[in-house]
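The following exercises are to be worked through with the sequence and the model in view. Each task is followed by a solution in steps.

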Amino acid sequence: MRNNKKRWTSWKVVVSVAVSLLITSANYVAGNTSFPLPDEMKVLQSWDQLKKWINIDRDSIPDEVMLIDVSYDKQLADYIVNDIPVGQYAITNRQKLFDFLTAARQADNYKYIMLDVIFGRGIRSPQDSALFQLITSMKRIVIPVHQDEPLEDSILYRKAANADYTVTWEETNFARFQFIHDGVPSMPLRMYQELNGDSIRQCGFLFFSQGWLCRNGITLKMPIRFTADTEEEGHLQKINVLHLGCDVLALDSIVPISDEIKNKIVVIGNFSEDIHETYAGLMPGSIICLNAYYALLQGDHVLLGRYSGVMLFYLFMVILYFFMSMAYLNGFSLSDKTQNPWGKLLLSLVSINVLFWIIAILAYILPLNIVYNVWIPILAFSLLDFVVNILNNNKTNKHEKNTIPAAPLSGTSVD
């Protein structure tokens, strides 16, 4: 009897370990995608407001960042489809870009240039050839490319990186950033590779950075935000944005471009039209990419390794999964308070929801600032609770059936 009990206990341990690892693996795989979860942005908006309300949010703008807006520097270019001119298209002024990049190349004292301007196929200008040759000859520069929009000149692919993000029919706003999309590095990852000599490498469904297990997709903390200044000191600051034509090129004789860009990460983009809805409000695509770079720099993508706080949190969750599984397998059930089958499932969902949402809120608002995916563990333990409760009921019914007293024989006294 003792051996049978020992084997049964060992079986429970094995199953609990399997459940814990399965939930952890499923959360990891889901987190590596760029697809936002249902209502993810609404939840993040609420948590972000909570951080501000309890005065935890302490965002800052890096001094090394220089933002240049090209939304008002336009020119008309020919729009050609199948070698047939179909009209003209307003694009970023190529001559102004050429003048600025020429000065930057001569100075060669900038830290990096993120040129977030699309050079799509079919849109041509007289300056294209010289501009494209200049871009490909420069060091420490990246330009965007979209999966469904080829570049005008193939030589640009030497400096191009992915600039796509994914939405779903239910969640149409940006919530999560993926560093490698369909095998192509993103602009922030390309920038991180060239400045820090590190990258993200894929091995099956696992991703590694500097030999440590990491994530390919994360929810960005958004410490850099394109917003007006606030009255509360320590919160979001107003970003000083320069305009390419009137602020940078026109004043070159007063403040040389070489002085402006020295040791700077120069981000050139359209901050008026390239706008995306995020949990932190409206955000230019260039600022999203910049936030993604700093997320890599700060190790937000690393799960195991030198960032012990994140590692300890996920280790705690693995242990929690294990003990919760053991509790359920030993007969514990939250849904045994009602006999209605649907009521059992609802009670289980609500109870487990509360536990994991509390953990998720604490993980986000505390200094670790971890965005924890609650949906997979909630579903897994709700189903486990439901199944255990059914097994408990079947066991009880079987026990009651076996212990029903036999009816007395006819003619037998019962006194």
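Two strands pair if DSSP finds at least two bridges between them; helices (H or I, at least four residues) and strands (E, at least two) are DSSP runs, numbered from the N terminus. This is a predicted model, in which local features need pLDDT of at least 70, side-chain atom pairs count only at pLDDT 80 or more, and totals for chains, interfaces and linings use all residues. Residues are numbered from 1 along each chain as its sequence is written, and side-chain values use heavy atoms, with hydrogens and water left out.

**Exercise 1.** Determine how E11 and E12 pair, and place them in their sheet.

*Solution.* Step 1: E11 and strand E12 (residues 206-209) are joined by 3 bridges in the antiparallel sense. Step 2: Arg 201 has Phe 208 of E12 as its bridge partner. Step 3: the open sheet has 3 strands in the order E11-E12-E13, with antiparallel pairing. Step 4: strand E11 (201-203) and strand E13 (212-214) are the edge strands, each pairing on one side only.

**Exercise 2.** State the strand order of the sheet with 6 strands and explain why E7 and E15 each have a side without a neighbour.

*Solution.* Step 1: the order in this open sheet is E7-E6-E4-E16-E1-E15, and the pairing is parallel. Step 2: strand E7 (160-162) and strand E15 (241-243) stand at the edges with a single partner strand each, so one side of each lacks a neighbour in the sheet. Step 3: within the sheet, 2 bridges join strand E4 (residues 112-115) to strand E6 (residues 141-145), and Met 114 stands opposite Val 142 in E6.

**Exercise 3.** Decide whether His 301 is buried or exposed, and identify its polar partner.

*Solution.* Step 1: His 301 lies in the loop between helix H8 (285-297) and helix H9 (308-329). Step 2: the relative accessibility of His 301 is 1%, so this residue counts as buried (buried means under 20% relative accessible area, exposed over 50%, partly exposed in between, with a 1.4 Å probe and protein chains only). Step 3: the side chain of His 301 makes a polar contact with the side chain of Ser 209 at 3.1 Å; a polar contact is a pair of N or O atoms within 3.5 Å, and within protein one must be able to donate a hydrogen and the other to accept it, while residues adjacent in sequence count only if both atoms are side-chain atoms.
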